[in-house]
Amino acid sequence: MPDSNPQAAFLNLLASTYARYGVEIQALPPTGMRLPLPPNDQGRDSLDIDYADTAAQVLQHPEEQHPEFAEQIVFGMMRQLRSRGIAFGTHYPPLSTDLARQAMLAALRSRGLNARFDFPGSLLLTLSDGGTLRKDVGGLLPLLEGLDEEHALEKAVEFAAALENQVLEVQSPVSRERLRTRLYAESSFPEGVLAKMVARPMATGVAEVVVLDLPDTIRPLNPGDLERLGLNAEQAFDRAVEGSLSEPVEVSRMDAGGTPIVHIGSEGGFYVGSHLHDLARHLGEARYGALVAFPSPPVLMAHVLGESDDPVGAMSTLQELAARFAAGTDKPISDKMYWWRPESAVGGRPRLVEVRIELDEQTRRAGVYSEDDDFLALLRSLN
């Protein structure tokens, strides 16, 4: 489309503005654009928009104003999609009339912090080493929205000062002694984020991440940290597991409807899941392994197979406990149940296989499912 065509010139400007904010559009002549969407839970991979009316309105204004119009159109689309949880473009740009978010960004800039909203309730700070720190501000924003401009900025400055101290802690020299491993639901991270961390799969839907345990925060390690520590990923995991196992936990045994359960917990703790690496110490002899669940950071539950005359009933009990605990926490790891085997898998990690039981309400018959045929054979032998 030649530049002498004002409409085409503006559409080209709009396309280049989209590209500047991380979106490579596909032209749909004469005035349409296809916007590619990142993976999302709405099942859409693109969005088609016709900009004929928009271009006609913009062309009523002087040409020097067109870049600003193009940017506002792109910003509006980024706001709309990121408000729906779709990571479209580079960030979530607040409206100029969004007092709360603008005050927060201004306060952070005044402290020399490079920050932007990646979603409406989430701030992303770029650290001096190129890493990032995400901060949930969903609880603070409503407080700022109820204030006038002066008091909103005053409150935002207090927040920025506290956040600056946290950033300084995060950017302080990394200590090997503070390495820990923490379990996270893979779904708790945006697409591609886990690949930038020192992380590995632990079980279906669960990742084990090496983190730095700081006084006021927990920060996942990135490859740059490994270089400063002089460790490779395997060595970092070894040290982190050792550090996590040094954290105090309480081990108790309880009876849940006739099913003996070993409960490993730590009030307010984050690293209890690491005891999967040393579970045999807590369970004693477990020649058939155990059913395990780790629904939240401070809780690990296990039933030693063979300790109950009704292993199918034990499965039902532990599965119900896992679902209940996961639903009752704001940071669930998994509502699933797994079969733990005493011997280690490749790389020294625990051998965990997802298992589940489903009850047919009509026939009252239970169906047992597992990715490992050995488990089904074992269950038949125990019955």
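How far apart are the mean positions of the positive and negative charges of the protein chain? The mean positions of the 35 positive and 55 negative charges are 3 Å apart, where Lys and Arg count as positive, Asp and Glu count as negative, and His and the chain ends are not counted. The place of each charge is taken as NZ of Lys, CZ of Arg, CG of Asp or CD of Glu.

This is a predicted model, in which local features need pLDDT of at least 70 and side-chain atom pairs count only at pLDDT 80 or more, while totals for chains, interfaces and linings use all residues. Residues are numbered from 1 along each chain as its sequence is written, and side-chain values use heavy atoms, with hydrogens and water left out.

The C-alpha atoms of the protein chain fill a box of roughly 80 × 50 × 45 Å along the principal axes. The secondary structure comes to 11 helices and 17 strands; helices (H or I, at least four residues) and strands (E, at least two) are DSSP runs, numbered from the N terminus. Of the 383 residues, 45% count as buried, a term that means under 20% relative accessible area, with exposed meaning over 50% and partly exposed lying in between (1.4 Å probe, protein chains only). The chain exposes about 19800 Å², and carbon and sulfur atoms supply 48% of that area, as computed by the Shrake-Rupley method with a 1.4 Å probe. Among contacts with a separation of 6 or more, residues 24 or more positions apart account for 56%, contact meaning heavy atoms within 4.5 Å.

Following the chain from its beginning, the reader comes to an open sheet of three strands in the order β1-β2-β3, with antiparallel pairing; two strands pair if DSSP finds at least two bridges between them. The edge strands are β1 (26–28) and β3 (46–50), each of which pairs on one side only. Neighbouring strands of this sheet are turned by 25° against each other on average, direction ignored, the axes being lines fitted to C-alpha atoms, for helices over the stretch in contact, and angles between N-to-C directions running from 0 to 180 degrees. Strand β1 and strand β2 (residues 32–36) pair in the antiparallel sense over three bridges, and the bridge partner of Q26 in β2 is R34. The loop between β1 and β2 contains P30, and the peptide bond from P29 to P30 is cis, with omega near 10°.

Two helices follow in this account. In helix α2 (residues 52–58) lies V58, which is buried with a relative accessible area of 4%. Although V58 and F10 are 48 residues apart in sequence, their C-alpha atoms are 8.3 Å apart in space, and V58 touches F10, H66 and F69 when residues up to four places away in sequence are not counted. In helix α3 (residues 66–83) the reader finds L81, which counts as buried at 1% relative accessibility. L81 and L37 are 44 residues apart in sequence and 9.1 Å apart in space, C-alpha to C-alpha; leaving out residues up to four places away in sequence, L81 touches L37, I86 and F88.

Further along the chain, seven strands form an open sheet in the order β11-β12-β14-β13-β15-β16-β17, with antiparallel pairing. Strands β11 (250–256) and β17 (366–370) stand at the edges, and because each has a single partner strand, one side of each is left without a neighbour in the sheet. The twist averages 30° from one strand to the next.

Within this sheet, strand β13 (residues 290–296) pairs with strand β14 (residues 299–304) in the antiparallel sense over five bridges, and a hairpin joins β13 to β14 through two residues. The bridge partners in β14 include M301 for A293 and V299 for S296. Strand β13 also pairs with β15 in the antiparallel sense, over three bridges, and L291 stands opposite W339 in β15. Seven of the seven residues of β13 are buried, so this strand is largely enclosed by the rest of the structure.

Helices accompany the sheet as well. Helix α10 (residues 311–327) lies across β11, β12 (259–265), β13, β14, β15 (337–341), β16 (351–359) and β17, running at about 10° to β13. Helix α11 (residues 373–382) packs on the sheet, touching β13, β15, β16 and β17, and its direction makes about 140° with that of β17.
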